[in-house]
Amino acid sequence: MAASSPPSSLKDRLKNAGSLFRQLPGTFRIFWESSPRGAGVLALLTLMAAVLPASIAWVGKLIVDGVVAGQGGGEAARHRVLELVALELALMLVSVTVERGLALTRELLRVSLGNLLNERILQKALTLELRHFEDSDTYDKMQNARREAATRPLSLVMEAFSIIRNLVTLSTYAVMLVSLSPWSVAVLVLASIPAFIAEARMAEEGFRLHSWRAPERRKLAYLEWILTRDNHVKEVKLFGLGPMVLDRYQSLHWKFFSEEKGLSIRRMAWGLGLGALALGAFYGCYAFIAGRATLGHISVGDMVLYLSLFRGGQTAFQGILTSLGSMYEGALYMSTLFAYLDIPTGSETPRVMPALSPQRGPGNTLELRNVSFRYPGKEAWALRGVSLRLEPGEKLALVGENGAGKTTLVKLLLRMYEPTEGDIFYGGVNVKDMDPEDLRSRFGAVFQDFVRYQFNVAENIGLGHVQSIADRERIRHAAEQGGAHGVIEDLPQKYDTMLGGWFDKGFELSGGQWQKLAVARAFMREAEVLILDEPTASIDAESEHALFERFQALAANRITLVISHRFSTVRMADRIAVLHNGQVEELGNHSELMAREGRYAHLFNLQARGYQTN
Ligand SMILES: Nc1ncnc2c1ncn2[C@@H]1O[C@H](COP(=O)(O)OP(=O)(O)OP(=O)(O)O)[C@@H](O)[C@H]1O
């Protein structure tokens, strides 16, 4: 939720109120879709709950009038009063049942609405592109939408129902009150206006406090995360970060507390003042009505009725005000949710229909033509004028210092981002004319930050080709190709060993062992292009050598793109591209580049010298 500046003018306030009502149709549509029957039951019960109080009050009046009129009047009068008492009991029973029914319906709807929304949020997440995840604003929208999906939308709907209920109740009261004392209706309304304004102001202030705080709340959650995550604990202990992080956490907490305290105190003061006003109004009318009853202008039953209506009216009015405040927050949440669900996607859709699809199998070339790229909202170019052509079966190594643009190039190849300028061709087809799923199905990749799935070994590998996740033969074959089979054979339940520490009985692997599984995963599919973004970073030297020998043999007819900082690996490639500041500075095989005595030769010699002196 973006922090907004405080609405200064009445116009701004009205605009804000307008945005509240704009969220209602969409919210009610989703609510209806989540459970049409539940919504119908809720509407019916709400209506019943709305008219019951007036009926009960009316019967109460009849009882009192019956008692007063019937005093000393014999059996018949007693019977009539007893019948009325029985009627009130019946109405009370209905009322209690309706209230219970409402609570139950609310609970069931909470679950169905929460499930539906979470599903929509996740479905939307599937259509989002990497750029959305790497954009903090969009990411915030998603996290905010997720966080309160189970509570906010329902509370918005419930508050709307509660307002309708209180309005109906109030109208029934008003009809009865008007016949008793028309001006008391005016008093009731007038005495509530200041409360209405104050409540709206407080709700708005409360919300602004929350929305301003969104970034700080995130910071708070992050600090909490540092202190409680397994993969942080080593550094936290080593650097003794605990007290410092805790200190920041506490100071943020205190800041929140003091702001909230201010708001709560103001709310209390207003509440006290307005409560006194409401009480004054009530007793003013009480005095007047009691006077009239004493003078015999109205019956005692009328007086009782009047008092319960006036008091009930005040409560209903208060209920409406409170509901409006909560609705305001709910509506603001919904506006975030709708903004998230409306994030435009589909920039990956192929430009032509039907999408073009180069022939399957090895034999396609991969070409970048004058590709430049900068990240959304960034000034600097991450890649500038890159032209590269990889022939079928070619092994290309990408080298360059940190931030040179190597990983960015991979992201473009996989169509996680579109080039800002230039084009990428696969098998002679511009990748913009291909279905992204078709394109990606031709790539196998091991990323620098590959995922350690908290699943069993077989699944960890099988995920590389989800259609074959149960195909043990294929999984075993991929494990052998990726050099993971040996590791797996030593595990307690071999391919069925549960991995990771998140769930019961998970077996923790070493970094290198995890990486071998990631490599095996890449071998699950018959990839035409293999991308290895620093695949050997945590693999030991012997395994690395074996892995690359296997690559030479297994990936003979596939294009392979290796990103590595290890020149012992890099030199095995057919060609090496040296990236510098997003540009290809040198291109050639190992001996050509060594002969050039440029950046590659310099970096190679630097590393080689390091090994020799060691
Ligand atoms: N998501 C992003 N948003 C904005 N800028 C980014 C993003 N990812 C990378 N960059 C910037 O793009 C440039 C290239 O980054 P890239 O990750 O491609 O480098 P790299 O060569 O893979 O580096 P390394 O060897 O450290 O992995 C860097 O200047 C980096 O700051």
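The following paragraphs describe two sheets, the helices packed on them and the ligand site of a predicted model.

The six-stranded sheet is open, with its strands in the order E6-E7-E8-E3-E9-E10 and with mixed pairing. Strand E6 (443–446) and strand E10 (583–588) stand at its edges, and each has a single partner strand, so one side of each is left without a neighbour in the sheet. On average, neighbouring strands of this sheet are turned by 15 degrees against each other when direction is ignored. Within this arrangement, strand E3 (residues 395–399) pairs with strand E8 (residues 559–563) in the parallel sense over four bridges, and the bridge partner of Ala397 in E8 is Val562.

Two helices that pack on this sheet may be described in turn. Helix H11 (residues 406–413) touches E3, E6, strand E7 (529–533), E8 and strand E9 (575–580), and the direction of H11 makes about 150 degrees with that of E8. Helix H16 (residues 511–522) also packs on the sheet, where it touches E6 and E7, and the direction of H16 makes about 175 degrees with that of E6.

At the end of the sheet order that holds E10, the pairing of E9 and E10 is antiparallel and extends over five bridges, with Leu587 in E10 as the bridge partner of Ala577. These two strands form a hairpin with two residues between the strands, and in this hairpin Asn581 takes a positive phi near 50 degrees.

The four-stranded sheet is likewise open, but here the pairing is antiparallel and the strands follow the order E2-E1-E4-E5. Its edge strands are strand E2 (383–390) and strand E5 (429–430), each of which pairs on one side only. Strand E1 (residues 366–373) pairs with E2 in the antiparallel sense over five bridges, and within this pair the bridge partner of Glu367 in E2 is Arg389. Helix H11, which packs on the six-stranded sheet, also lies across E1, E2 and strand E4 (421–426) of the four-stranded sheet, running at about 120 degrees to E1; H11 therefore has contacts with strands of both sheets, as its listed partners in each case show.

The ligand is surrounded by 15 residues, of which the closest are Glu134, Gly403, Lys406, Thr407 and Thr408. By residue class, this shell divides into three nonpolar, seven polar and five charged residues. Several polar atoms of the protein approach oxygen atoms of the ligand: a polar side-chain atom of Thr408 lies 2.5 Å from one such oxygen atom, a polar side-chain atom of Thr407 lies 2.7 Å from an oxygen atom of the ligand, and a polar backbone atom of Ala404 is 3.1 Å from a ligand oxygen atom. Taken alone, the ligand exposes 630 Å², and the protein buries 68% of that area. Among the closest residues, Lys406, Thr407 and Thr408 fall within the range of helix H11, residues 406–413.

Definitions and conventions: Residues numbered from 1 in each chain as written. Predicted model: local features only at pLDDT ≥ 70, side-chain atom pairs only at ≥ 80, totals over all residues. Heavy atoms only, no water. Near = heavy atom within 4 Å. Polar contact = N/O pair within 3.5 Å; in protein donor to acceptor, adjacent residues only side chain to side chain. Areas by Shrake-Rupley, 256 points an atom, 1.4 Å probe, with all protein chains shown as cover. Nonpolar A, V, L, I, M, F, W, Y, C, P; charged D, E, K, R; others polar. Pairing = 2+ DSSP bridges. Axes fitted to C-alpha atoms, helices over the stretch in contact; angles between N-to-C directions. Contact = heavy atoms within 4.5 Å.
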